Amino acid sequence: MNTYKALIALDVKLALRQKSVLFFNYLFPLVFFFVFAQAFHAERGAGMTVVIAMVMIIGILGNGLFGAGMRAVQEREANILRRYKVTPISPAPLLIASTVTGWLIFMPYVFVMFGLAHFLYGMPWPKSMGSILIFVTVGIAGFRAIGLILAAVANSMQESQILIQLVYLPMLFLSGATFPLAMFPPWLLVITQFLPATYLVTGVEAMLMRDEGIVANMQPAAALLLTMVVGLFIAYKLFRWEKEEKIRNSAKLWLAVVLTPFLCLGLWQMHTKSNTEKTKILQRQLSRSDTFLIRSARIVVGDGAVIENGAVLVRGGKVAEVYEGNGPDPKAVNAEAVKPRERRSFPA
Amino acid sequence: MPSNRVAISVQDLKKSYGDVHAVKGIDFEIQTGEVFGLLGPNGAGKTTTVEILEGLRPRSSGQVAVLGFDPDKQRQSLKDRIGVCLQATNLPEKIRVREALQVFSSFYSRHADLNQLLRRLQLEEKREAFYGTLSGGQKQRLALALALVNDPQLIFLDEPTTGLDPQVRVEIHSLLEELKQEHRTILMTTHYIEEAERLCDRVAIVDEGKIIALDTPSRLQQQSRNASSIVVTCTKPLPANRPAWAEVTQSALDSTGRTLTVHSRRPAATLVDLVKWIDQQGLELTDVHLKQPTLEDVFIELTGKSLRE
């Protein structure tokens with residue numbers, strides 16, 4: 001146990017001393033956070049929930065694939081693992097320490113993001129915070145394991161970079177982490193259901209937007225957990241301490257084995273389409289959640305009074321406020337000003 | 001079955017990589033408390049042999065026992081008991097000296113006093129320094145400290161001073177002498193003859209996967225067919241005609257005619273004859289030098305190669 005504790009403590013210290021780790025784990029996703037917040041009008045409605053889901057998954061991808069994968073190859077190439085080889089430890093503490101360290105480094109970022117969302121953009125604290133943290137934890141564990149498998153089957157730094165990019169880029173662009181899934185044609189949506197990152201995006205969005213718990217997302221959570229277990233086991237079996245120990249190219253197929261739970265989930269989704277449906281529901285809910293200020297409207301108020309030229313503030317699909325005249329400055333109420341093409345009556 | 005006094009026992013050890021036979025059947029025993037050197041050029045099979053004994057590589061055939069353990073079958077137990085200083089290893093640039101010792105110490109069931117170890121390896125002032133900021137000598141001292149964190153009775157040193165400047169090499173030699181005085185068993189490989197001569201109780205000369213000589217450094221020197229040489233220099237040129245001294249195998253004058261080199265099987269007797277002859281010639285001696293054959297001479301004689309090949 002001392003070995004595990006010592007290695008985890010060391011890994012965390014080393015990670016925090018690396019500028020690249022700080023950049024890719026904190027600064028880089030934070031840049032995306034503010035850019036997406038701007039693009040999705042996060043101050044209005046549920047846009048921030050989408051931003052958080054996207055940025056969180058970008059962070060998990062970087063943490064798992066680059067943090068675990070690249071570092072393991074670097075240590076092998078630099079003859080650091082060779083030093084560990086002469087000690088009585090097996091690869092297990094090194095692999096477990098890497099996984100736990102990834103989680104320890106990432107979790108503060110999750111809280112920072114929720115804090116920014118709450119204090120800067122007025123997002124309420126999520127009701128299913130516990131489920132979100134569990135889901136993010138299995139997400140990191142699953143992606144760290146994928147990273148460690150990539151390191152285990154790569155024979156050089158160059159090869160690892162190619163392999164990591166081959167996994168990273170489709171997950172980054174096709175999972176909804178950078179482009180919303182609503183933009184995708186139906187055939188591409190089918191492909192996205194084979195990517196672990198897609199389930200992370202929809203899972204976190206559903207937990208934030210619809211207060212879903214971990215039970216409602218049991219399938220992807222179980223698949224990620226299975227990925228972690230299978231990934232760590234194969235990474236242990238294929239572990240190499242020295243750069244001179246090369247692995248045959250066919251060993252790269254082990255990556256497919258690790259991703260088998262998601263291959264099964266993708267095939268299952270081709271049949272049930274439940275996750276695609278969930279994506280559509282979330283998209284509808286997102287559109288409804290926007291805040292509008294409808295101006296130049298004829299408003300019939302519930303008590304029978306009529307405002308001939310008024311404004312209605314709609315928040316989360318419900319009338320929040322009725323004004324005479326043009327109403328407040330839209331920016332002051334975080335709303336988009338809408339002018340109907342023809343004058344209509346609004347019951348309010 | 002090796003006795004308790006035997007720390008390492010190797011019988012007919014062979015190791016092949018496909019068609020390449022790196023170790024072709026070697027035998028030796030190392031007694032507890034002995035410093036044993038493996039000497040040989042690059043590719044001779046030294047490192048492969050040592051790595052088999054450390055449990056890092058499986059052997060192809062032969063019998064091996066290290067502290068009573070079979071390195072192929074009881075790898076973890078063996079690694080827990082030995083200390084190893086490898087060639088060409090590294091640590092992360094941003095690890096502190098103290099942290100490296102603490103984390104490596106956590107891997108073992110026995111622990112040395114880390115503060116004492118830092119003092120002994122003259123790393124006390126550098127305890128908070130990052131590995132990346134250490135000099136080559138300091139890195140090597142840290143590598144030795146890491147090999148001692150479990151207070152091992154058997155230590156493997158694979159070329160512990162290669163690439164270090166002479167000053168640092170001397171410092172490392174002093175430390176190894178201290179370890180020797182503590183009756184720890186040491187198996188070391190080296191390129192440096194003076195290192196083997198100074199530190200090793202016995203030396204095995206390895207070439208092309210085989211041990212071609214094994215004895216104490218002094219006996220190996222004595223066994224050498226190469227005779228000792230006496231070099232004398234006079235104020236004026238020596239005569240070209242020289243008497244046929246007993247036991248002299250060869251003699252030659254340099255281009256100035258003032259320096260004479262004489263090879264002899266009995267250098268002490270020859271030196272007396274030589275000084276008498278010079279006196280009879282009415283010449284005055286300015287320098288006399290008696291040179292014993294070195295391990296390097298023995299090595300060259302046995303293998304026909306230089307050690308640094």
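Two strands are taken to pair if DSSP finds at least two bridges between them, and strands (E, at least two residues) and helices (H or I, at least four) are DSSP runs numbered from the N terminus. The exercises below concern a predicted model, in which local features need pLDDT of at least 70 and side-chain atom pairs count only at pLDDT 80 or more, while totals for chains, interfaces and linings use all residues. Residues are numbered from 1 along each chain as its sequence is written, and chains are lettered from A and ligands numbered from 1 in the order in which they are written.

**Exercise 1. The three-stranded sheet of chain B**

Determine the strand order of the open sheet that contains β1, β2 and β4 of chain B, and place α1(B) relative to this sheet.

Solution. Begin with the order, which is β2-β1-β4 in chain B, with antiparallel pairing. The edge strands are then β2 (20-31) and β4 (61-66) of chain B, each of which pairs on one side only. The twist from one strand to the next averages 15°, where axes are lines fitted to C-alpha atoms (for helices over the stretch in contact) and angles between N-to-C directions run from 0 to 180 degrees. Next, take the pairing of β1 (residues 6-17) with β4 in chain B, which is antiparallel and extends over five bridges; B:Gln11 stands opposite B:Gln63, a residue of β4(B). Finally, helix α1 (residues 46-53) of chain B lies across β1, β2 and β4 of that chain, and runs at about 120° to β1(B).

**Exercise 2. The four-stranded sheet of chain B**

Explain why one side of β11(B) and one side of β13(B) have no neighbour in the sheet, and describe the helix that packs on this sheet.

Solution. The four strands form an open antiparallel sheet in the order β11-β12-β10-β13 of chain B. Because β11 (248-253) and β13 (285-291) of chain B stand at the edges with a single partner strand each, one side of each is left without a neighbour in the sheet. On average, and with direction ignored, neighbouring strands here are turned by 15° against each other. At one end of the order, β11(B) is joined to β12 (residues 259-264) of chain B by five bridges in the antiparallel sense, and B:Ala252 stands opposite B:Thr261 in β12(B). Helix α9 (residues 267-280) of chain B packs on the sheet and touches β10 (228-234), β11, β12 and β13 of chain B, its direction making about 20° with that of β10(B).

**Exercise 3. Domains and the contact between the chains**

State how each chain is divided into domains, and characterise the side of chain B that touches chain A.

Solution. The domain bounds come from an automatic or database domain assignment. In chain B they give domain 1 (6-222) and domain 2 (227-292), whose C-alpha centres lie 44 Å apart. In chain A they give domain 1 (2-287) and domain 2 (290-347), with C-alpha centres 43 Å apart. For the interface, 21 residues of chain B are in contact with 18 residues of chain A, contact meaning that the C-beta atoms of two residues, placed from the backbone, lie within 7 Å. On the chain B side, α2 (75-81) and α3 (97-105) each supply at least two residues, and α3(B) gives the most, with four residues. By class, this side has eleven nonpolar, five polar and five charged residues, where Ala, Val, Leu, Ile, Met, Phe, Trp, Tyr, Cys and Pro count as nonpolar, Asp, Glu, Lys and Arg as charged, and the others, Gly among them, as polar.

**Exercise 4. Positive phi outside glycine**

Compare the settings of A:Asp211 and B:Glu247, and classify each by exposure.

Solution. Most residues other than glycine have a negative phi. A:Asp211, although not a glycine, has a positive phi of about 55°, and is found in the loop between α9 (196-209) and α10 (218-237) of chain A. B:Glu247, also not a glycine, has a positive phi of about 70° and lies in the loop between β10 and β11 of chain B. To classify them, a residue is called buried if 20 or more other C-beta atoms (placed from the backbone) lie within 10 Å of its own, exposed if 12 or fewer do, and partly exposed in between. A:Asp211 has 12 other C-beta atoms within 10 Å and is therefore exposed, whereas B:Glu247, with 13 C-beta neighbours inside 10 Å, counts as partly exposed.
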